[in-house]
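User: Could you walk me through this model? I'd like to start with the strands and then move on to whatever else stands out.

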Amino acid sequence: MKEAKVIAIVNREVKKLRAVLALQKWRLIIDYGEVGDDLGGRTSSANCRVNPGAHRMWITFDPEKFESEEEVVEILRHELLHIFHAELLTMFEMMSQFITDSQTQNTMEVQFQFVCEAIDSRVETMLDIGLGLDTKKLLRIAEKKYGYKR
Ligand SMILES: [Zn+2]
């Protein structure tokens, strides 16, 4: 997908998703460019970093890896949901300081990323299936409740 289109979709939907997920106090820095594979070797269309102490999140989207508008919005929600377990990152980074062996460090990073993705996946399942609040529904709620226009 063209970068301009991805930017337009993200810009149109990010405020709504932040509002409905109650993440307005987080500062988002969104960037567009190439995103490499994750630590487990899986292809990623976006990635994020978080600094929970500063309420900041950086998201990078790789426009070439998106084929539909729906995909962009789903990934935007996915990345935002990583904020819900952001403090785990702080704890992990603190604990990592005590690991001097790089192989152990790498193994822990891969495992940590796996844990974060598993948590995110469960929250997505809870929203989509448990609560019936899929991304489209969340956007409609935000439009209605907070007055955002389509
Ligand atoms: Zn993720």
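**Strands, core and a helix**

Analyst: This is a predicted model, and a good place to begin is strand 2, where the side chains alternate: Ala 46, Cys 48 and Val 50 point to one face and are buried, while Asn 47, Arg 49 and Asn 51 point to the other and are not.

User: What order do the strands of the sheet have?

Analyst: The three strands form an open sheet with the order 1-3-2 and mixed pairing. The edge strands, each pairing on one side only, are strand 1 (27-32) and strand 2 (46-51). Neighbouring strands in this sheet are turned against each other by 15° on average, ignoring direction.

User: And in which sense do strand 1 and strand 3 pair, parallel or antiparallel?

Analyst: Strand 1 and strand 3 (residues 56-61) are parallel, and six bridges connect them. Ile 30 has Ile 59 as its bridge partner in strand 3, and Asp 31 has Thr 60.

User: How many bridges join strand 2 to strand 3?

Analyst: There are six, and these two strands run antiparallel. Cys 48 has Ile 59 as its bridge partner, while Arg 49 stands opposite Trp 58. The hairpin that these strands make has four residues between them, and His 55 in that hairpin takes a positive phi near 50°.

User: Which residues of strand 3 are on its covered face?

Analyst: Met 57, Ile 59 and Phe 61 make up the covered face, whereas Arg 56, Trp 58 and Thr 60 make up the uncovered one.

User: Switching to the core, which residues have the most contacts inside the largest one?

Analyst: The largest nonpolar core has 20 residues, and those with the most contacts inside it are Val 6, Val 10, Val 72 and Leu 76. The elements giving two or more residues to this core are helix 1 (3-20), strand 2, strand 3 and helix 2 (69-81), with helix 2 giving the most, six residues. In soluble globular proteins, nonpolar side chains tend to be buried together.

User: What does Val 6 touch?

Analyst: Leaving aside residues up to four places away in sequence, Val 6 touches Met 1, Tyr 32, Phe 61, Pro 63, Phe 66 and Val 72.

User: Last topic, how far apart are the end C-alpha atoms of helix 4?

Analyst: They are 40 Å apart, which agrees with the 42 Å that the helix should span, because its 29 residues (residues 102-130) are counted at 1.5 Å a residue. After helix 4 comes Gly 132, whose phi is positive, near 65°.

Definitions and conventions:
Residues numbered from 1 in each chain as written. Predicted model: local features only at pLDDT ≥ 70, side-chain atom pairs only at ≥ 80, totals over all residues. Pairing = 2+ DSSP bridges. Axes fitted to C-alpha atoms, helices over the stretch in contact; angles between N-to-C directions. Buried ≥ 20, exposed ≤ 12 C-beta atoms within 10 Å, placed from the backbone. Expected span 1.5 Å × (residues − 1). Core = buried A, V, L, I, M, F, W, Y, C linked by C-beta atoms within 7 Å. Contact = placed C-beta atoms within 7 Å.
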